[in-house]
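Me: I have a structure open and would like to go through its salt bridges and its backbone angles. Please reason briefly and finish each reply on what was asked.

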Amino acid sequence: MKTIRSKDFKHERPWGALDIANIEGSTVRLHWTDQPYKWHVNDGQEVFAVMDGQVEMFYRVDGEELSTILNVGDIFYASVGTEHVAHPIGEARILVIEKEGSV
């Protein structure tokens, strides 16, 4: 058992992570960042929950680029094949649940 205070977590590099659990081949990780990630498509589904800060999530649907602002408590679900990229607005802490080894 452990308690994690997500607001207190910081990593020395953008998108650095604290591994929390591996549940039947899916990882649960807390990320800290102050920099955008990269456009990518995961090998499986992804659940992206903002724990602290704000994130603008860009994603593509039928070749059209869209975005949404995610605040604390908001969740973005990327189904298989969803191309997306996260851009934090300042510092952000994000809980990500995805297939182990995904980008």
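**Salt bridges and backbone**

Reply: In this predicted model, arginine 60 counts as partly exposed, at 30% relative accessibility.

Me: Which residue meets arginine 60 in a salt bridge of 2.8 Å, N to O?
Reply: Arginine 60 lies in strand 3, and its partner lies in the loop between strand 5 (75-78) and strand 6 (84-99), so the pair ties together parts that are 23 residues apart in sequence. The partner counts as partly exposed, at 26% relative accessibility. The side chain that meets arginine 60 at 2.8 Å is that of glutamate 83.

Me: How far apart are the closest N and O atoms in the salt bridge of glutamate 65 with arginine 60?
Reply: Glutamate 65 is partly exposed, with a relative accessible area of 45%. Arginine 60 is partly exposed too, at 30%. The closest N and O atoms of this salt bridge are apart by 3.6 Å.

Me: Is aspartate 52 buried or exposed?
Reply: Aspartate 52 forms a salt bridge with lysine 7, with 3.5 Å between the closest N and O atoms. The pair links distant parts of the chain, 45 residues apart: lysine 7 is in the segment before strand 1 and aspartate 52 in strand 3. Lysine 7 counts as exposed at 58% relative accessibility. Buried means under 20%, and aspartate 52, at 13%, therefore counts as buried.

Me: How many salt bridges does a search of the whole structure find?
Reply: Those of arginine 60 with glutamate 83 and of lysine 7 with aspartate 52 are among them. Salt bridges that share partners also join Lys7, Lys10, Asp52, Glu91 and Arg93 into one network. Over the whole structure, the number found is seven.

Me: What is phi of tryptophan 15 near?
Reply: Most residues other than glycine have a negative phi. Tryptophan 15 lies in the segment before strand 1 (16-23) and counts as buried, at 12% relative accessibility. Its phi is positive although the residue is not glycine, with a value near 65°.

Me: Is aspartate 62 buried or exposed?
Reply: Aspartate 62 lies in the loop between strand 3 (46-61) and strand 4 (64-70). Its phi is near 50°, a positive value in a residue other than glycine. The cut-off for exposed is over 50% relative accessible area; at 80%, aspartate 62 therefore counts as exposed.

Conventions: Residues are numbered from 1 along each chain as its sequence is written. This is a predicted model: local features need pLDDT of at least 70, side-chain atom pairs count only at pLDDT 80 or more; totals for chains, interfaces and linings use all residues. Side-chain values use heavy atoms; hydrogens and water are left out. Helices (H or I, at least four residues) and strands (E, at least two) are DSSP runs, numbered from the N terminus. Buried means under 20% relative accessible area, exposed over 50%, partly exposed in between (1.4 Å probe, protein chains only). A salt bridge is a side-chain nitrogen of Lys or Arg within 4 Å of a carboxyl oxygen of Asp or Glu.
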